[in-house]
Amino acid sequence: MQSLLLYLAIGALVGYFLSMINKRLGPIVLLALSLYGLFTLWNMPIGSVEDLFGFEDILQFTALSKYFSIITLIVFSCYAFFNIVWISKAKRPYAFSALSILTLFGTLGVFLTPHLIALYIFWEVAVVASLFIVPMGKEESKKATIWYIVISSIGSYMFLYGTFLLYSKFGTFNLFEISGDIASEGTGFKWLVSLLLLGAGVAKSGIFPLHVWLRNVHGNAPDTFSAVLSGQLVKMGSYIIALFLGAFPIATMFSQFYAGVNIFSYVLIWLGNISILIGTFMAIKQNDMKMLMAYSTVANGGYILIGLALLDQVGFAGGLFHVINHALAATMIFLSFAAVVYRTGTTKIDEMGGLIFKMPVTFVTYLVGIISIAGIPPTSGFVSKWMIFQSLISKGMFVTAMFTFVGSIGSFLYVFRPLAGVFLGQLKRKDKDVKEAPMIMLLPMIILVALTILWGVFPQQVLVWVTDVQRQFGMEPFKFDGTVLYSNLGHWDSWTVFVMFMVGFIIAAVIYILMPKGKKIPLDDQYTSGEFLHNFDLYHYATKYYAFLEREYEGHPSFEDWYTSIVNVLKAIGKGVDYLVRRTASAYTFWMALVLALLLWVRW
Amino acid sequence: MDKIEKIDERGVWEKIADQLRSRSMWMLHYCTGCGAVELPPSMTSRFDMERLGMGPMATPRQADLFLVTGYLSTKTLRRVIYTYEKMADPKYVIGFGSCTINGGIYYDSYSTINRLDQYLPVDLYIAGCMPRPEAILNAFTKLMDMIRKGEADGWKRYNENYEWYKQNQLRSLGEVVVYDEFHE
Amino acid sequence: MTVLKVAGIFLTAFFFGLTFEGIGRKITARVQRRYGPRWYQNFIDLFKTLSKHGYTHGWIFDFGVIMALGGIIASLGFVPVGGIVAFPGMDNFFVIVYLFTIGSLGMAMGMVGTGNPWASIGVARALTLMLGYEVPYMISIGSMLYFYRTSSISAIMSAQGGDWNLFKFPIGALVALISLQGMLGKEPFEAPIAPAEIASGPMVELSAKYMGLLMLMNTFMEFAEISLFVDLFLGGGTYFVFLLKYLVVWVLVVLISSVLPRFRIEQAVYFYWTVPIILAFVQVFMTVNGFVF
C-alpha cells in the first residue's frame with residue numbers, strides 16, 4: 001500500500017512533466033497507475049497492516065477499504081482512458097493530468113488508513129487537488145469553486161474538531177481503538193462527536209443541508225472531471241459515513257427510536273429523505289444536463305445514506321451496493337455527456353436533439369446508465385434498490401419508504417429528460433455533421449456498460465465484497481446463494497429475471513420479424529396536423545419538459561438562495577467595518593464621537 | 001360491352017387479411033366541409049358505427065380509411081394529399097357528397113377542386129348534398145364488401161400510377177415550397 | 001413444468017385479455033346506449049394492424065417497440081394467474097413492479113424516437129402521472145407486505161384463504177383501485193393518450209405492426225396489473241374463479257371510466273398526492289398498530 005501511494009505521489013510529478021512532451025501522456029500515466037493499483041489491491045489480503053513514511057501501522061487494509069478502493073480505481077481507469085483523447089480540449093492539460101493523479105492519491109489514502117489525522121491529511125490532498133481542477137471548466141466554474149471550497153472546509157473542519165475531541169478523551173487517533181470505548185461516554189459527547197465526524201461525510205456526499213455545492217461544481221467542472229466528482233469524490237463522503245456507522249457501536253451508543261433503528265440513525269435517515277426529495281424535484285426542472293445529473297447525485301446520496309443508516313443485514317448491504325451502482329452509473333452518464341459536449345459544445349438540453357442517429361454508442365451508454373440509476377432490472381441498480389425497499393418495508397418505516405418511492409419514480413422523470421431532449425427527437429440542422437465520439441472514448445463507456453449489466457445479472461462478486469464489510473463490522477452478512485438474493489421478506493433470482501427478460505424479448509422480436517417490414521422514412525416525415533413545416537428544429541419538445549409538474553412547486557424555498565443571503569449579510573457587515581476603518585472624514589468623525597462618548601461615559 | 005371478369009390476384013393470406021381489414025376500419029375524417037356534421041350521428045347511439053368495427057383515429061398513421069368530407073380548395077387539397085401519403089398501406093378513400101364528385105355548388109369557383117379522383121384514388125363516392133347517416137352507413141357496408149372482394153384497390157392504383165397522380169397534383173397545385181414558418 | 005406454466009400465463013393473457021377488452025368496449029357502448037362492437041373485435045383489430053405495411057423512423061423506434069413488448073411479456077411471466085404460479089416464491093412484488101418499467105421505458109423511448117413532439121408530450125405526461133399513482137399504490141401494498149412478512153405475491157394470495165384482503169385492508173384496497181385506474185390509463189386519468197388534444201400522445205406516429213405490438217403490450221400490461229390486484233386483494237383462486245374475479249374488477253374499472261371526464265395532468269397528480277396518499281397512510285397506521293380485520 002505504501003509503495004502504491006508513493007508511486008501515485010511521484011506519478012503526479014512524472015505525469016506533469018511527461019504531459020509537456022505530449023499531452024496524451026498524462027492520462028496514460030494515470031491509467032497505468034490506476035490499473036496497477038487495481039491489480040495490487042484486488043489481490044491484497046484483507047487485514048494487512050503497513051507503515052507509512054516511517055509512522056507505524058498507519059495503513060490498514062480493511063474490507064471497506066478494499067470495496068471503496070476498487071470502485072475508485074475502476075472509475076479512475078475509465079476516466080483516464082477517456083481522457084487520452086479528451087485532454088486535447090482541456091484548458092491546462094499538464095496541471096489537469098497531474099492534479100488528477102494527486103486526487104487519486106488523496107482518495108486512496110483516505111480509504112487505506114483508519115488513523116484519523118492521516119485520513120484528514122489525505123482528505124485535504126484530495127479536496128485541494130480536485131479544487132484546482134474545477135475552475136478549468138465553464139465560465140462560471142470559478143464561482144463554483146468557491147462553493148466547493150466553503151462547503152468542503154465546513155465538512156473537514158468539523159471532522160478535524162471531532163478528531164481532536166476524541167484525541168483529548170482517548171489519547172489515540174486510531175479509529176478502531178477508539179470505537180471500543182466510546183459507548184461508555186456521556187450522551188452529549190457521543191452526539192457531538194458523531195455529528196462532527198459525519199459532518200464531513202454529509203458535506204462531501206451532498207446530503208441536505210450541505211447539498212448546494214453539487215449543482216454548481218458538477219455542472220461547471222470540466223466535462224470528464226464531473227464523472228470523477230459524481231462517481232468517485234462524492235463516494236468519499238459515503239465512505240466516511242459507512243466507516244463511522246460501521247466502526248462505532250451506533251446501536252448501543254444511542255437509544256432505540258422506532259423499529260430497531262436508533263435515534264441517531266433516524267436523524268441521518270431524515271436527512272437522506274430530504275435529500276431524495278430535493279434532489280429529485282430539482283433534477284426534474286433542470287435544463288442543463290450536467291446540473292440535472294448533479295441533483296440526481298444528491299438524491300442517490302440520500303439513498304446511500306438511508307441504506308447505510310439502517311445498519312441491518314439487508315439495508316446496510318443495500319446502501320453499500322448502491323455506492324458501486326451509482327459510481328458506475330454516474331461515471332457512464334457523465335462520460336457520455338462529455339462525449340456529447342466534445343462533439344456539440346453545449347450542455348443545454350433544448351439546444352440538442354436526435355443525436356442517437358449520430359452517436360449510437362454514446363446513446364446506449366447513457367441508456368444503460370439511466371436504467372441503472374432508475375433501478376430497473378437487469379442492471380445492478382435494481383439490486384440495491386430492492387434491498388433498501390425490503391429493509392424499509394420489513395421494519396415498517398413507511399414514511400421513509402414513501403420518500404424512496406418518490407425518488408425512485410421521480411428518477412424515471414428526470415433521466416428521461418436528457419434522453420428525450422438530447423438523444424431522441426428531431427436532429428438539429430447544426431448537428432447534421434456530428435460524428436460519433438472517437439473509439440478511445442467509446443471503449444471505457446462500453447466497459448462500464450458491460451460491468452453494470454454483468455453485476456446486475458450476477459451480483460455475487462459485489463455481494464462478496466459487501467458481506468465482507470458487514471462481517472468486519474460484526475453485522476449479520478447479507479444472505480445470497482449464487483444469483484438468488486434473500487431478505488427477510490422473501491427472495492428473487494437475478495438470473496431468472498434476466499432469462500425471462502430475454503424470453504420476452506425474443507418472443508417480441510419473433511412477432512416483429514414475422515410481420516410485414518416497415519418502410520424507413522426520414523425524421524422530417526412527421527404527422528404535423530396536415531401542416532407543411534419550414535423548420536423541423538422547432539418540432540422538438542425539450543424546453544420546459546415537465547412544465548405542468550414544475551408549476552406545482554414553483555415558489556419552493558431554496559437553500560442556495562438562503563446561503564447566498566447569509567453571504568450577503570456577511571459582506572454587508574464587512575463593508576460596514578471597511579467603511580469605518582477607512583481614512584475618511586466621516587470615519588474620523590465617527591471615531592472621534594465614539595471616543596468622546598466613551599470619555600464622557602467614563603467620567604460620568 | 002361485356003364486363004371483363006377481373007382476376008383475383010390475392011394470395012390466401014391477403015384474402016384473410018382483407019377479411020380482417022373490412023371488419024376493422026379505423027377512419028380519419030378530414031373535415032373540409034359540411035360533411036363533417038353527418039359523422040357524429042353515425043358514430044353515436046342512433047346509428048353506432050362501432051358495431052361495424054369502425055372508429056375515429058387521431059392521426060393518419062393509425063388510420064385505414066380516409067374520409068374527405070366536402071369541397072376542396074387548392075389549399076386544402078395540398079394537405080389532403082400530404083395526409084394521405086402519411087397513411088400506411090392498404091388505405092381506402094371515401095369522397096363525401098357531390099363536392100368531391102364534381103365540385104358541387106362551388107363548381108365554378110376559382111379555387112375549388114372539382115374532381116377528387118384526378119388527384120387521389122377514390123374507392124367510393126357517396127352522392128348527396130350532404131349524404132345522410134343512412135347513406136354513409138350504406139357506403140361503409142358497400143366498402144366492406146369491396147374490400148372483401150379485393151375491389152377496393154385504390155392504394156395499389158396510387159402506387160402504380162404515382163407519376164400520373166403526381167403530374168395532376170403538380171398541374172393544379174404547383175410545387176409546394178415552404179418559404180418560412182408562415183408562408184408556403 | 002415452469003415453461004408450460006409460463007406459456008399458460010401468456011396464452012391466458014392473450015385470449016382473455018383481448019376478450020375482456022372487447023367486453024369492456026361492449027359495456028362502454030351499452031352505457032352510452034349503443035350496440036357496440038362484437039366481443040372479438042380486438043382480435044380483428046390486432047391482426048389487422050399486424051397485417052399492414054407500416055413506416056419506421058429508424059432503429060430506435062423498432063428497438064423501442066420490441067423492448068416494450070418484451071419487457072411486459074417478461075414481467076407477465078412472474079404474475080400469478082390464479083392457480084398458475086410460474087415462479088413460486090420468486091414473484092417478488094418489487095421485481096414485478098420494476099420489470100413493468102422496462103416495457104414502459106421501451107415504449108417511451110421508441111415513441112419519442114419517432115421525433116414527433118406530441119409523442120414527447122404524451123410520454124412526459126405519462127411519466128408524471130406515474131409519479132402520481134405509483135407512490136400511494138406502493139405504500140398501500142407495502143403495508144400488506146409488512147403484515148404478511150413476505151413480498152411474494154403468491155404467498156400473500158394463498159395466505160388469505162377465503163378471507164380476502166379486500167375486507168382485511170379495505171382502505172388499502174380502495175387506494176389500489178384508484179391507482180389501478182391511473183395505471184390502466186382509463187378516465188379520469190387518460191390525459192397521456194388524449195386523442196383530440198395531443199393526437200393520442202405516444203401513439204402519434206404508430207402505424208401497422210408497430211401499433212399492433214403496442215396494442216398487445218397494452219393488453220398484457222392491463223392483464224398483469226389487474227391480475228396483481230385480484231391476487232393481492234381478492235385471494236386469487238382457481239383458474240376460472242380467478243378469471244371471474246378478474247372480469248368483475250375489469251367491468252368495474254370500465255364502468256367508472258365510461259362515466260367520467262378527464263383530469264388535467266397536474267390535477268391528477270395533485271389528487272393522487274392528497275387523497276390516496278393520506279388514505280394509504282391511514283391503512284399503514286392501522287396495519288402497523290394491528291387494526292387488521
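Trainee: Which residue stands opposite Phe480(A) in β6(A)?

Mentor: In this model, which is predicted, the residue of β6(A) that stands opposite Phe480(A) is Leu485(A).

Trainee: What makes β5(A) and β6(A) count as a pair of strands?

Mentor: Two strands pair if at least two bridges are found between them. Here 2 bridges join β5(A) to β6(A), residues 484–487, and the two strands run antiparallel, so the requirement for a pair is met.

Trainee: Which strands belong to the open sheet of chain A, and why are some of them called edge strands?

Mentor: The sheet holds 3 strands in the order β5-β6-β7, with antiparallel pairing. β5 (480–481) and β7 (490–493) of chain A are its edge strands, as each of them pairs on one side only.

Trainee: What shows that β8(A) is paired with a strand of another chain?

Mentor: The same threshold of at least two bridges is needed, and β8(A) is joined by 2 bridges to β1 (residues 55–56) of chain C, the two strands running parallel. Lys520(A), for example, has Thr56(C) in β1(C) as its bridge partner.

Trainee: How many residues take part in the contact between chain A and chain C, and which elements of chain A supply them?

Mentor: Residues are in contact if their C-beta atoms lie within 7 Å, and by that cut-off the contact takes 62 residues from chain A and 69 residues from chain C. On the side of chain A, at least two residues each come from α16 (380–395), α17 (398–423), β7, α20 (494–514), β8 (519–520) and α21 (547–550). By class, this side has 43 nonpolar, 14 polar and 5 charged residues.

Trainee: How many residues of chain C are in contact with chain B, and what makes up that side of chain C?

Mentor: The contact involves 27 residues of chain C and 17 residues of chain B. Two helices of chain C, α2 (41–51) and α10 (208–233), each supply at least two residues of the side that touches chain B, and α2(C) gives the most, with 6 residues. By class, that side of chain C has 13 nonpolar, 8 polar and 6 charged residues.

Trainee: Into which domains is chain A divided, and what shows where domain 1 of chain A touches domain 2 of chain A?

Mentor: Chain A is divided into domain 1 (1–136), domain 2 (138–518 + 538–556) and domain 3 (569–603). The C-alpha centres of domain 1 and domain 2 of chain A lie 22 Å apart, and 39 residues of domain 1 are in contact with 51 residues of domain 2. On the side of domain 1 that touches domain 2, the elements giving two or more residues are α3 (63–86), α4 (93–112) and α5 (116–133) of chain A. The largest share, 17 residues, comes from α3(A), and by class this side of domain 1 has 30 nonpolar, 6 polar and 3 charged residues.

Trainee: Why is chain A called as compact as a globular protein of its length?

Mentor: Chain A has 23 helices and 8 strands. Its radius of gyration is 26 Å, and the globule rule gives 25 Å for 604 residues; the two values are close, so chain A is as compact as a globular protein of that length. Along its principal axes, the C-alpha trace of chain A spans about 105 × 65 × 55 Å.

Trainee: What share of the residues in chain A counts as buried?

Mentor: A residue is buried if 20 or more other C-beta atoms lie within 10 Å of its own, and buried residues make up 57% of the 604 residues in chain A.

Trainee: Why is chain B also described by the globule rule as compact?

Mentor: Chain B contains 7 helices and 7 strands, and from the N terminus on its elements run α-β-α-β-β-β-α-β-α-β-β-α-α-α. The radius of gyration of chain B is 17 Å, close to the 16 Å that the rule gives for 184 residues, so chain B is as compact as a globular protein of that length. Its C-alpha trace spans about 45 × 40 × 40 Å along the principal axes, and 42% of the 184 residues of chain B count as buried.

Trainee: What confidence does the predictor give to the complex and to chain C?

Mentor: The complex is given an ipTM of 0.91 and a pTM of 0.90. Chain C averages a pLDDT of 87, and 100% of its residues score at least 70.

Notes: Residues numbered from 1 in each chain as written. Chains lettered and ligands numbered in written order. Predicted model: local features only at pLDDT ≥ 70, side-chain atom pairs only at ≥ 80, totals over all residues. Domains from an automatic or database assignment. Contact = placed C-beta atoms within 7 Å. Helix = DSSP H or I, 4+ residues; strand = E, 2+ residues; numbered from the N terminus. Nonpolar A, V, L, I, M, F, W, Y, C, P; charged D, E, K, R; others polar. Rg over C-alpha atoms; globule rule 2.2 N^0.38 Å. Buried ≥ 20, exposed ≤ 12 C-beta atoms within 10 Å, placed from the backbone. pLDDT = per-residue confidence, 0-100.
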